[in-house]
Amino acid sequence: MSDRSTELCGVALRGPVLNGSGTFDVIAARRAFGDALVERFPFDAFVSKTITLAPRQGNPPPRLWETPAGLINSIGLPNKGLDGFLESDLPEIAQSLKESDPSRPRGIPLVVSVMGFGRDELANLVAAVGERAEVAMLELNVSCPNVETGLVIGADPVETALALERVRPETTKPLIVKLTPNAVDPAAVAAAAQDAGADAVSLVNTLKGMALHPRTKQPWLGGRAGGVSGPAVRAIALEQVAAVAGRVEIPVIGMGGIASGRHAADFLAVGASAIAVGTESFRDPTAGRRIAAELADLSLTGEPRQPASSTV
Amino acid sequence: MNEPRTLAPPERRVATVSGVERLGAYDLITALDRFGPSDPRPGQFYMLAAAREWGGGGDERPYLPRAFSYARARVESDGLALSFLLEAVGPGTERLSALAPEEDLALVGPLGVGFRPPADGTRPVLVGGGIGAAPLLCWQEELAANRGSPAVRLGFRSAAHAQAAALFGPSAQVVTDDGSVGRQALVTELLATELDDDPRATIYACGPPQMLEAVRAFCAEREVPAQLAMESGMACGFGACFGCVVPTSNGYVRLCVDGPVINAAVLETALVAGTGH
């Protein structure tokens, strides 16, 4: 057995494979899979769905559209809101994570993703979530407009820096900034986040996309447009992760269409410290575990890695 | 509690196709599942994908697995023989319909929650439209084994589709849209006649959205309990993607973990958009 263990922002992890926020629901998965889920938990740290201050129903259906080698989703961040999350979801998630790795007091580390529609709102979320002992790290989902300025926070280095400066004093726990690929220069946003106190960045979030109803030519998705994920975005994600990793000193969590150990190795090779699996978990709930094993096998052989794909 | 939900192993696994039967417009694909539970509950579903050549079809799809309620399950010495009723209507179902014996079928399941027993003092009436007949087949078998043969009322588009009715035996009443088999009628007309005769019934329905909505509205008006096995585009099948929601009196619920069998009384409408398979 090779030692897969690593650390991220000072938090010890049994390995480098996380899930992308919003792509795995521990509570629902436990209902479907029972104790087998915690006996063979797919990830080395778990990232929650994004929590907002007020409860959200999410977007009207339809919410999904399959693309060539990928998926457009327009889910709209349904969640119980901060109070509902802290009261019912957080203890339930924490319990399952604790059972998933009995060798650690709190089990698999929990990262809670939060989104605020203004800096003060984001600060309130960070403070309230950050003080909970079950939470190891926080991820800031900044792919939303700041209602005060109308700008998407994560699309703009200045907005991102101002948001980070506002929330940084609210918690001592590591803050990860989830970068959007829909920015002109994600590396500039990453650098701004780092300078304003972020402990890590993660990317990519989904790329904006759209599909039309085959007959009516109206937008198919209830939310009109959505986010593209899956293998369709992997090459774009790899380039952005490489660009960001070349620009910042803080750890980078790479994701975007990773479906195998070789894909994961590519993201690590361009400078990611850890990787996340998202859409592939939809096809195989334990894809994270499989990818981690494939990655471990690749590092064991010690041979120069073959590219995951090429034109030859 | 005590809901009809058999837990699935979380790992995607491989079953071996053991039978491919053409039933008019449909294909009945049977695969031997050696590593899953032997007791799925009628109404539960599996996420299916061909283990090889899943992708590169029409529009460079499919990519995601496809959700199918199982139609029949038989315990065999070396596993569970699971049968699924398919109609090739998109890149996913085209590939699944082209599966040949000995090919590998990747699957996750059983998932979701199945049919609940009939309300006290009522008899079960099964109402199927088109490929929606599939989950009613195993439910018919289970009900027949425990409490006597239930009434089965099926509607199909054409004679080619109506060939699937043979799976249900001679007691099933069948109508078609074009009158090529049985009367030219909607299956909801058979349901109305059935409830006129005796309103003490629990309705189990599966079929296209318009049919389910007709059943829902009709049962609401007559105050007859109904359980609808519903369909929606799904990416994951285990509550991760939040893509398969339907509006209910409790807000949006996910068909994959809170359904696919839904108590009709909580629905505002059964008209939900599916996606091409």
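Start by selecting helix α1 of chain A, residues 26-33, in this predicted model; six of the eight residues of α1(A) are buried, so the helix is largely enclosed by the rest of the structure. The buried residues to highlight in α1(A) are A:Val26, A:Ala29, A:Arg30, A:Arg31, A:Ala32 and A:Phe33. If you then display what covers them, you will find contributions from both chains, including α2 (36-39), β4 (46-51) and α3 of chain A, together with β7 and α6 (255-258) of chain B. Just after the helix comes A:Gly34, whose phi is positive, near 65°.

Keep α1(A) on screen and add helix α3 of chain A, residues 81-100, whose axis lies 9 Å from that of α1(A) and makes an angle of about 55° with it. Since angles from 35 to 65 degrees fall in the class called oblique, α1(A) and α3(A) are therefore oblique to each other, and α1(A) passes α3(A) in a left-handed crossing. Show side chains for A:Val26, A:Ile27 and A:Arg30 on the α1(A) side and for A:Asp89, A:Glu92, A:Ile93 and A:Ser96 on the α3(A) side, as these are the residues that meet. By class, this contact is made of three nonpolar, one polar and three charged residues. A:Val26 and A:Arg30 take part in this contact and are also among the buried residues of α1(A).

Next, move along chain A to a second helix pair, α5 (residues 157-167) and α6 (residues 186-195), whose axes come within 8 Å and cross at roughly 25°. With angles under 35 degrees counted as roughly parallel, α5(A) and α6(A) are therefore roughly parallel to each other, and here the crossing is right-handed. From α5(A), select A:Pro157, A:Thr160, A:Ala161 and A:Leu164, which meet A:Ala188, A:Val189, A:Ala192, A:Ala193 and A:Asp195 of α6(A). The residues of this contact divide into seven nonpolar, one polar and one charged.

Before leaving chain A, centre the view on A:Val204, in the loop between β10 (200-203) and β11 (207-209). The peptide bond that leads into this residue from A:Leu203 is cis, with omega near 10°.

Now bring up both chains and look at where they touch: 33 residues of chain B are in contact with 33 residues of chain A. On the chain B side, the elements that give two or more residues are β7 and β15 (251-254), and the residues of that side comprise 21 nonpolar, seven polar and five charged.

With chain A hidden, colour chain B by its domain assignment, which gives domain 1 (13-111) and domain 2 (123-266). The C-alpha centres of the two domains lie 21 Å apart, and 19 residues of domain 1 are in contact with 19 residues of domain 2. To see which parts of domain 1 face domain 2, select β3 (45-50), β4 (66-69), β5 (72-76) and β7 (104-111), each of which supplies at least two residues of that side. The class count for this side of domain 1 is 14 nonpolar, three polar and two charged residues. Strand β7 of chain B thus appears on the side of domain 1 that touches domain 2, on the side of chain B that touches chain A, and in the cover over α1(A).

Zoom in on the loop between β3 and β4 of chain B, where B:Glu60 is placed and where B:Pro62 is also found. B:Glu60 has a positive phi of about 55° although it is not a glycine, and with 14 C-beta neighbours inside 10 Å it counts as partly exposed. A little further along, the peptide bond from B:Arg61 to B:Pro62 is cis, with omega near 0°.

For another non-glycine residue with a positive phi of about 55°, go to B:Glu223, in the loop between α5 (209-222) and β13 (226-229) of chain B. B:Glu223 has 8 C-beta neighbours inside 10 Å and counts as exposed.

The last stop is B:Gly90, in the loop between β6 (79-86) and α1 (91-97) of chain B. B:Gly90 is partly exposed, with 18 other C-beta atoms within 10 Å. Draw a distance from B:Gly90 to B:Arg13 to finish: the two are 77 residues apart in sequence and 24 Å apart in space, C-alpha to C-alpha.

Key. Residues are numbered from 1 along each chain as its sequence is written. Chains are lettered from A and ligands numbered from 1 in the order in which they are written. This is a predicted model: local features need pLDDT of at least 70, side-chain atom pairs count only at pLDDT 80 or more; totals for chains, interfaces and linings use all residues. Domain bounds come from an automatic or database domain assignment. Two residues are in contact if their C-beta atoms, placed from the backbone, lie within 7 Å. Helices (H or I, at least four residues) and strands (E, at least two) are DSSP runs, numbered from the N terminus. Ala, Val, Leu, Ile, Met, Phe, Trp, Tyr, Cys and Pro count as nonpolar, Asp, Glu, Lys and Arg as charged, and the others, Gly among them, as polar. Axes are lines fitted to C-alpha atoms, for helices over the stretch in contact, and angles run from 0 to 180 degrees between N-to-C directions. Angles under 35 degrees count as roughly parallel, over 145 as roughly antiparallel, 65 to 115 as roughly perpendicular and the rest as oblique. A crossing is left-handed if the near helix is turned anticlockwise from the far one by less than a right angle, and right-handed if clockwise. A residue is buried if 20 or more other C-beta atoms lie within 10 Å of its own, exposed if 12 or fewer, and partly exposed in between; C-beta atoms are placed from the backbone.
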